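Reader: Please take me through this model one question at a time, with the reasoning set out before each result.

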Amino acid sequence: MKRAIFLAPFLAGTVQALANDWGMGEANSKIERANIFRPLSTPAHEISTLAVFVLAVTTVIFVIVSGLLTYSVVRFRSRRGDDGSEPPQVYGSGPVEFAWTAVPVLIVFVLILTTARSVYTVQAARRPPDAVAVRVVGHQWWWEFQYPELGVVTANELHVPVSDPPGSTPTFLELESADVAHSFWVPRLAGKTDLIPNKTNVTWIDPQEPGVFLGQCAEFCGTQHALMLLRVVVHPRDEWDRWVSAQRKPAAGDPSVANGRRVFESTACVSCHAVRGSGAVGRFGPDLTHLMSRETLAAGAALNTPENLKAWIRDPAAIKPGALMPAMNLDARDLDDLVAYLVTLG
Ligand code: CUA
């Protein structure tokens, strides 16, 4: 009972958050579901092939074992007229003992070797000089994507060029964490790689088709672990170049939203958020320089519309209970002006 009382406010918040999906259900329904059996990138291909092989081997073992078991249960069941004596006990047969030790050892050995080969293919790949480099930082509960060589920083939506033919322009990811352990997982592109505090892990993807791919943090990292979603947007080459040059530009300066900008720069917003070309250089929250170029807000918790943005700033916990962004308690006019300013950050 005590526990129920303790959990009640959290559950109420969760139920409220589930009641309204902030437009994400419809937006996500347009994207093909994450599926490890439909790989589109070399590391995911490796995993998918290995998974099918392991499933085939274990299915054969399952069919043989359950077949023999069923046969024995039916064939040797007790019957009316049995004299109740024990059947002859057979044990210590050298050839039988050898067979049921050697065959499983052999099977396990084959599985170890094929797994090691797949792991090696992914982990031993060298970064070609023209690969795109991204530093991925896991935060509670969002993703930061830095492109050090391009001077671009974004959040929750990883943009990469298409890599067709396979391996032609791969993206190499250096994964780090700002707080607790997270795990980067985009099932159609690569296996899970953990983001560990004070350690850098590396993985890579070479998506072979343009499109949008869904991912998810795959390591429990706190109350909003389930709403630590991400998207990978794979662009054709020319579209990728356009995305990069748009992201490199400083933030738009629109004089008509000067009051919103003043609100942003004179409140605590700037201690967590950066907007290139303004005084805001906070690093704790997402870089907002090109906020409106993103489809989602709060790591895939809400569709990035002016209405949702306003609801998010008014009370982040209504969209994402436990979110580390505080409610700013702005008056209605300042809130409207602030949203009007943020909407210009295209
Ligand atoms: Cu980050 Cu779970």
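The exchange below deals with confidence, strand pairing, aromatic contacts, one helix and the backbone.

Reader: Which element of the protein has the lowest mean pLDDT?

Author: This is a predicted model, and the mean pLDDT of the protein is 90, with 95% of its residues at 70 or more. Where pLDDT is low, predicted coordinates should not be read in detail. Strand 6 (residues 182-186) has the highest mean among the elements, at 97, and the lowest, at 58, belongs to helix 1 (residues 2-19).

Reader: Which residue in strand 10 stands opposite Gln 216?

Author: Strand 9 (residues 211-217) runs antiparallel to strand 6, the two being joined by two bridges. In that pairing Gln 216 stands opposite Trp 185. Strand 9 also pairs with strand 10 (residues 229-235) in the antiparallel sense, over six bridges. There, the residue opposite Gln 216 is Leu 229.

Reader: How far is the charged end of Lys 192 from the centre of the ring of Trp 185?

Author: Trp 185 is the residue that stands opposite Gln 216 of strand 9. The charged end of Lys 192 sits over the ring of Trp 185, and its distance from the ring centre is 4.5 Å.

Reader: What is the geometry of the aromatic pair formed by Tyr 71 and Phe 76?

Author: The whole structure holds seven aromatic pairs. In the pair of Tyr 71 and Phe 76, the centres are 6.3 Å apart and the planes make an angle of 90°. Planes over 60 degrees apart count as edge-to-face. The geometry of Tyr 71 and Phe 76 is therefore edge-to-face.

Reader: How many residues apart in sequence are the parts tied together by Phe 264 and Tyr 341?

Author: Phe 264 and Tyr 341 form a tilted aromatic pair, with 5.7 Å between centres and 50° between planes. Because Phe 264 belongs to helix 6 (residues 258-266) and Tyr 341 to helix 10 (residues 332-343), the pair ties together parts of the chain whose separation in sequence is 77 residues.

Reader: Are Phe 264 and Tyr 341 buried or exposed?

Author: Buried means under 20% relative accessible area, and exposed means over 50%. By this criterion, Phe 264 and Tyr 341 are both buried.

Reader: What arc do the buried residues of helix 5 cover around the axis?

Author: Helix 5 (residues 237-248) has twelve residues and reaches 17 Å from its first C-alpha to its last, close to the 16 Å expected. Its buried residues are Trp 240, Trp 243, Val 244 and Gln 247. They lie on the same side of helix 5, because the arc they cover is only 95°.

Reader: Which residue joins Trp 240 and Trp 243 in a cluster of ring pairs?

Author: Trp 240 and Trp 243 are among the buried residues of helix 5. Ring pairs link these two residues into a cluster with Tyr 147.

Reader: Which residue follows Asp 164 across a cis peptide bond?

Author: Most peptide bonds are trans. One cis bond runs from Gln 140 to Trp 141, with omega near 0°, and Trp 141 is in the loop between strand 1 (132-139) and strand 2 (142-147). Another, with omega about 10°, joins Asp 164 to a residue in the loop between strand 4 (157-161) and strand 5 (171-177). That residue is Pro 165.

Reader: What is the relative accessibility of Asn 198?

Author: Asn 198 has a positive phi of about 65° although it is not a glycine, and it lies in the loop between strand 7 (190-195) and strand 8 (201-205). Asn 156, whose phi is near 65°, is buried, with a relative accessible area of 6%. Asn 198 counts as exposed, because its relative accessibility is 85%.

Definitions and conventions:
Residues are numbered from 1 along each chain as its sequence is written. This is a predicted model: local features need pLDDT of at least 70, side-chain atom pairs count only at pLDDT 80 or more; totals for chains, interfaces and linings use all residues. Side-chain values use heavy atoms; hydrogens and water are left out. pLDDT is the predictor's confidence in each residue, from 0 to 100. Helices (H or I, at least four residues) and strands (E, at least two) are DSSP runs, numbered from the N terminus. Two strands pair if DSSP finds at least two bridges between them. Rings of Phe, Tyr and Trp (its six-membered ring) pair if their centres lie within 6.5 Å; planes under 30 degrees apart count as stacked, over 60 as edge-to-face and the rest as tilted. Buried means under 20% relative accessible area, exposed over 50%, partly exposed in between (1.4 Å probe, protein chains only). A charge sits over a ring if NZ of Lys or CZ of Arg is within 6 Å of the ring centre and within 35 degrees of the ring normal. The expected span of a helix is 1.5 Å times one less than its number of residues. The arc is that of the directions from the helix axis to the C-beta atoms.
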